[in-house]
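I opened a new page for this protein and wrote down what I looked up, entry by entry. The notes follow the order in which I went through the model.

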Amino acid sequence: GLFVTDYFTRTPRKLSPFRSFASIELFHFHIPEDTVIAVWNLITFKEQGGTFGDQCPDRSITVYFRSGAPSVINPLHTHFPRDTAVPGSFALTLTWTLPNRTTGVFNVTSPLPGDWFLAAHLPKDEGKISVKGLYEECQYLFQPQLIVQRLVNIAVLYPGHVTEQSMAPHNRSCLYKVFVPSYTSRVLVEVLRCRGAEGCPLWLRVRAKAPPLHNSTTLDCREHTPCQLAQDLPFWQHWYYVLVEKHPGVPGTVSFQVTVQLTDCSRPSLARPPFLPSSASMNMPHSFGSAGGLALGDSPPPTSPNDTKHPLPIPVTLHTEERCWPVRPTLRNELDTFSVHFYIFFGPNVSVPPDRPAVFVINLLPVLDSGGVLNLELRLNVSSLCGENVTVFGCLNHGVPLTSGDNASVTCETESLAGFLLSVNATASLSRLRIPYPQTGSWYLSLRSLCATEHGFEPCTNVTAEVYLRAYLSPCINDCGIYGQCKLLRTNNYLYAACECKAGWNGWGCTDNAEAFSYGFQLLSTLLLCLSNVMFVPPVAIAVRSHYLLEAAVYIFTMFFSTFYHACDQPGIVVFCIMEYDVLQFCDFLGSLMSVWVTVIAMARLQPIVKQASVLYLLGAMLLSMALQMDRHGLWNLLGPSLFALGIMAVAWTARTIRRRHCYPPTWKRWAFYLCPGALIAAAAVLLYAFVETEENYFYIHSIWHLLIAGSVGFLLPPRAKPSRRLGPLPRRKGCGYQLCVNEQEELGLVDPAVASINSICTS
């Protein structure tokens, strides 16, 4: 046949270390029908500071592949919540082959058509808290590319029609496809009139949704006469592909005929018993349809002679004959994104008779519903059992309902189908099932009641079990509990939800407490972060005693908002918020930077030099507010105003030094006992904050940061001179009509907050 090649690519994205599914990068692709091979080219490269990151360490990259919905991954091997089904996916780990670039290739032969999802992440790190802009961060960028090769003009087989084919010597195989409509119970493919050099040297392979593989359902026509291959309970509304392959080494031309027969329950003329009311056909409580098989099909159901419409039934394999049971629809009620309830007509209580299954269909919309969690709940009404040992089994299958007639072994799986089993009885009357990231399409729930005996399960007699059924779609499992937050995420035009856990809790629903913080630990960390701000009380007292009232007000502001910000910023349940979190964070950051600003400006002693020195305090408040609004975590937005204040102080000190021709401050005691210790304490606090702080040690390292910063302010805050009577006034000289006021003790460097004072000497 003729092949067509399609190419798809995605924009490179920065990968993050894995913490939860919210930290992964998700890529969405669509593979067209009739694709014979799909090749993913996985490109990964490093960047640092806008250039190639040759010096960045090699970190392995894990990529997950899944068809139909995003992968449910668990790289940290945490525990899933109870009653959670984990769909499978394929994982691939990329290693580095070049210093700054690596490429991986992932091939899928005959992939399933439709949506495919790739998830990628870096390994979990130690959780270091880095200051933004302090150094160039290593970035790992991931870009997947998809190349598909698909066949065009594949021959279509029509049910009941014979297709003749002659396979030339240079041809190895012939590919066909047939569409299977809804409510089809069986697909039968047959090879007729096969003539070749060695009898019928053909393999017959059949597969749903995509061209067959080597492990698909296969039949050797040389060993089976007639050459027939049957598929019971096929997937509805899908293409089935038929591959007729010639044995290797067979010379000459092989001619044959291919035909397909579809068994449809809508064809037999099985009338509904006249004694059953129409409500029984709709699976209302205490009755589920007629005793015989009913019509099935995509078209409206046939009408009886009295114009009573019958429901759409489904096939069920029993010991003696094939029967079809009604399918009960559900009503979709959308409340919000990934918040959908599926209501049952005349429900939610449904009756399960002893001799027939009750079948329901849940339709999930393509793409829109695959990013949430499908929840199913069965609750048995024990009073309806009349003392019998009844067990109600439920099979949830995707694409086609499955109800087995084998009473000895209750299962929801066949060779081609895999489903989920639920059961309720008088002892365990409640059963739940959660499927994160379910495949879209039709999900069928088949309920069946059996009685337990010494010989296994057998059909019950005259006992109709009543079951409460609830089905709904939610964003996350139990809304991630009290130790998690359900986040709605987006990748291009695809929405999905995931839990982000806190306080050491892990898992898909934040239910794994292997590394969880205890209540005492949470209380201790909260108290340390809050009470460490009490260290600002000594600087406030020193500022008030030295008449630095503006500085004292700023320190009180900082102490107050830092305390309540950290009380609100806790990850666990020990949380107390007096305002919105964003307001508390802004005020905490503003107070911290304003404390540095007013302390440095006070150290500069600008009042004798600049008459309106208070303007600088207002200027600093405006500059810091602007910087915090731009980026609260940016290094230079926060460091710039602080360096500006230090520059003002340096200029003021240099001017005094030049004017006096003596170092300022002039006394060695000021340097040895105040300035140097304060500067060292502040430097130690900055180093701890920038290079030592991690998520694990945050509560005590940041508390130490509070203590050191507040302590450094107490050392660096300059004393305010006071009037002193121990120094007499100097003689005045007459001048030119103006007076020059000089702070004598400040000029001499004799100011001390305990004994020194201000003595203004006016000369004229």
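**Entry 1: a strand residue.** The model is predicted. I began with Leu-488, which sits in strand S33 (residues 484-491). I asked which residues Leu-488 is in contact with, leaving aside neighbours within four places in sequence. I found Thr-337, Phe-338, Tyr-496 and Ala-497. Thr-337 is 151 residues away from Leu-488 along the chain, yet their C-alpha atoms are separated by 8.8 Å.

**Entry 2: the whole protein.** I then stepped back and counted ten helices and 36 strands. Of the 764 residues, 49% are buried. I looked at contacts between residues at least 6 apart in sequence and noted that 75% of them join residues at least 24 apart. For the accessible surface I wrote down about 37,400 Å², with 58% of it belonging to carbon and sulfur atoms.

**Entry 3: the nonpolar cores.** In soluble globular proteins, nonpolar side chains tend to be buried together. I looked up the largest nonpolar core here, which has 44 residues; Tyr-555, Val-598, Ile-601 and Leu-606 touch the most other members. At least two residues of this core come from each of H3 (537-545), H4 (549-568), H5 (581-604), H6 (614-630), H7 (635-660), H8 (668-692) and H9 (698-716), which are helices. Which helix gives the largest share? I noted H5, with 14 residues.

I followed Ile-601 further, not counting residues up to four places away in sequence: Ile-601 touches Leu-606, Leu-616, Tyr-617, Ala-645 and Ile-648. Apart from this core lies another one, of 37 residues, and its members include Leu-204, Leu-219, Val-260 and Val-361.

**Entry 4: a nonpolar patch on the surface.** I also looked for nonpolar residues on the outside. Ile-482, Tyr-519, Leu-523, Leu-527, Leu-531, Val-534, Val-537 and Ile-573 form a surface patch, and together they have about 740 Å² of accessible area. Helix H2 (residues 519-531) gives the largest share of the patch, four residues. I picked out Leu-527, which lies in helix H2. Leu-527 counts as partly exposed because its relative accessible area is 41%, and the range for that label runs from 20% to 50%.

**Entry 5: salt bridges.** I listed 16 salt bridges in the structure. In one of them the side chains of Arg-13 and Glu-25 meet, at 3.5 Å from N to O. Arg-13 is in strand S2 (residues 13-14) and Glu-25 in strand S3 (residues 25-31), twelve residues apart. I asked whether these two are buried or exposed. Both Arg-13 and Glu-25 are buried.

Glu-695 forms a salt bridge with Arg-19, and their closest N and O atoms are 3.2 Å apart. This pair spans 676 residues, from the loop between H8 and H9, where Glu-695 lies, to the loop between S2 and S3, where Arg-19 lies. Glu-695 has a relative accessible area of 41% and is therefore partly exposed.

The third pair I noted is Asp-34 with Lys-177, whose closest N and O atoms are 3.2 Å apart. Asp-34 is in the loop between S3 and strand S4 (35-48), Lys-177 in strand S13 (residues 173-180), and 143 residues separate them. Both Asp-34 and Lys-177 are buried. I also recorded a network in which salt bridges with shared partners join Glu-377, Arg-379, Arg-432 and Arg-470.

**Entry 6: the loop between H8 and H9.** I looked up Asn-697, which lies in the loop between H8 and H9. Asn-697 counts as buried because its relative accessibility is 12%. A polar atom of the Asn-697 side chain lies 3.2 Å from the backbone oxygen of Val-692.

**Entry 7: backbone details.** I noted a cis peptide bond between Thr-225 and Pro-226, with omega about 0°. Pro-226 is in the loop between strand S16 (217-220) and strand S17 (227-232). The peptide bond from Tyr-664 to Pro-665 is cis as well, with omega near -10°, and Pro-665 is in the loop between H7 and H8.

Lys-209 is not a glycine, but has a positive phi of about 75°; Lys-209 lies in the loop between strand S15 (202-208) and S16. Cys-510 has a positive phi too, near 55°. The place of Cys-510 is the loop between strand S34 (494-501) and H2. Its relative accessibility is 5%, so Cys-510 counts as buried.

Notes: Residues are numbered from 1 along each chain as its sequence is written. This is a predicted model: local features need pLDDT of at least 70, side-chain atom pairs count only at pLDDT 80 or more; totals for chains, interfaces and linings use all residues. Side-chain values use heavy atoms; hydrogens and water are left out. A nonpolar core is a set of buried Ala, Val, Leu, Ile, Met, Phe, Trp, Tyr and Cys residues joined through side-chain atoms within 4.5 Å. Buried means under 20% relative accessible area, exposed over 50%, partly exposed in between (1.4 Å probe, protein chains only). Contact means heavy atoms within 4.5 Å. A polar contact is a pair of N or O atoms within 3.5 Å; within protein, one must be able to donate a hydrogen and the other to accept it, and residues adjacent in sequence count only if both atoms are side-chain atoms. Patches are made of residues with over 30% relative accessible area and no salt bridge: like charges are joined within 9 Å, nonpolar side chains (Val, Leu, Ile, Met, Phe, Trp, Tyr) within 5 Å. Accessible areas come from the Shrake-Rupley method with a 1.4 Å probe; for residues, only the protein chains shown count as cover. A salt bridge is a side-chain nitrogen of Lys or Arg within 4 Å of a carboxyl oxygen of Asp or Glu.
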